[in-house]
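Got the viewer open and a cartoon on screen? Here is a walk through the fold, one selection after another.

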Amino acid sequence: MISLTSEFTDGKSRHARGWLFYDAECDFCTHIARWIRKPMLRRGLAVAPLQDSRVAALLGMPGDELLRAIRYLGKDGLPYAGADALVELAREFWWARPLVWASRVHSLKAAMRSGYECMARQRNCHAETHCRHEVAHMTWR
């Protein structure tokens, strides 16, 4: 299991039970990360940008591959990407449980993944070369 104890951000989130990693060069991703940061902190979770060199080292991935999707490293130490990351994160919030339940239906999970991939291809960010990557096969498990 991967240790989530880290010096990524301020002292409030040093000993997080889970980490959400987002593309800090994407306006949409940054907006979502800012919106969910406080509720995550209340649950012992933390948020950090994918561009932080420690993230690539922690996840054992090159930077360009990291930027293809949002990443979530849960308390179980397993890494998730894309729609799967959002479903795992949703387990932490009572109001997001319908997303978890829907993901148990194979066709709905496939639709979530497809929707995420479509949205990821369409997002606007400052690092245009990263945003144009194909995001197929983003799941890690």
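## Getting your bearings

Start with the whole chain: of its 141 residues, 44% count as buried. Keep in mind that this is a predicted model. Colour by secondary structure and you should find seven helices and four strands. Walking from the N terminus, the elements come in the order β-α-β-α-α-β-β-α-α-α-α. If you like contact maps, take the contacts between residues at least 6 apart in sequence: 58% of them join residues at least 24 apart.

## Stop one: the sheet

Select the four strands. They form an open sheet in the order β2-β1-β3-β4, and the pairing is mixed. β2 and β4 are the edge strands, each with a single partner, so one side of each has no neighbour in the sheet. Look along the sheet and follow the twist, which averages 20 degrees from one strand to the next.

Now go pair by pair. β1 and β2 run parallel, joined by five bridges. To find the register, show Phe21, which sits opposite Ala48 in β2, and then Tyr22, which faces Pro49 in β2.

On to β3. Its pairing with β1 is antiparallel, over three bridges, and here the bridge partner of Phe21 is Arg71. β3 (residues 71-73) is also joined to β4 by three bridges, again antiparallel. Pick Leu73 to see this pairing: Pro79 in β4 stands opposite.

## Stop two: β1 and the helix that follows

Stay with β1 and turn on its side chains. Which residues lie on each face of β1, and are they buried or exposed? Gly18, Leu20 and Tyr22 are on one side, Trp19 and Phe21 are on the other, and all of them are buried. With five of its five residues buried, β1 is largely enclosed by the rest of the structure. β2 is mostly covered too, with four of its five residues buried.

Add α1 to the selection. β1, α1 and β2 together make a right-handed β-α-β unit. The helix α1 lies across β1 and β2, and runs at about 155 degrees to β2.

## Stop three: α4

Next, select α4. This helix packs on the sheet and touches β1, β2, β3 and β4, with its direction at about 120 degrees to that of β4. How many of the nine residues of α4 are buried? Eight are, so α4 is largely enclosed by the rest of the structure. To see them, show Gly82, Ala83, Asp84, Ala85, Val87, Glu88, Leu89 and Ala90.

Glu88 deserves a click of its own. This residue lies in helix α4 and is buried, with a relative accessible area of 15%. Leaving out residues up to four places away in sequence, Glu88 touches Tyr72 and Tyr80.

Now bring in α6. The axes of α4 and α6 come within 8 Å and cross at roughly 115 degrees. From α4, the contact uses Gly82, Ala83, Asp84, Leu86 and Val87, and from α6 it uses Lys109, Met112, Arg113 and Tyr116. Colour that set by class and you get five nonpolar, one polar and three charged residues.

## Stop four: the cores

Hide the cartoon and look at the packed side chains. The largest nonpolar core has 25 residues, and those with the most contacts inside it are Leu20, Met40, Tyr72 and Leu89. Elements giving two or more residues to this core are β1 (18-22), α1 (27-42), β2 (45-49), β4 (79-81), α4 (82-90) and α6 (106-122). Which element gives the largest share of this core? That is α4, with five residues.

Centre the view on Tyr72. Setting aside its neighbours within four places in sequence, Tyr72 is in contact with Gly18, Trp19 and Leu20, with Leu45, with Leu78, Pro79 and Tyr80, and with Ala85, Glu88, Leu89 and Glu92. A second, separate core of 13 residues is also there to select, and it includes Leu50, Ala56, Leu66 and Leu73.

## Last look

Bring the cartoon back and keep α4 highlighted. You can now see in one view the helix that packs on the sheet, crosses α6 and gives the largest share of the 25-residue core.

Technical notes. Residues are numbered from 1 along each chain as its sequence is written. This is a predicted model: local features need pLDDT of at least 70, side-chain atom pairs count only at pLDDT 80 or more; totals for chains, interfaces and linings use all residues. Side-chain values use heavy atoms; hydrogens and water are left out. A nonpolar core is a set of buried Ala, Val, Leu, Ile, Met, Phe, Trp, Tyr and Cys residues joined through side-chain atoms within 4.5 Å. Buried means under 20% relative accessible area, exposed over 50%, partly exposed in between (1.4 Å probe, protein chains only). Contact means heavy atoms within 4.5 Å. Two strands pair if DSSP finds at least two bridges between them. Axes are lines fitted to C-alpha atoms, for helices over the stretch in contact, and angles run from 0 to 180 degrees between N-to-C directions. A crossover is right-handed if, with the strands pointing away from the viewer, the path from the first strand over the helix to the second runs clockwise. Ala, Val, Leu, Ile, Met, Phe, Trp, Tyr, Cys and Pro count as nonpolar, Asp, Glu, Lys and Arg as charged, and the others, Gly among them, as polar.
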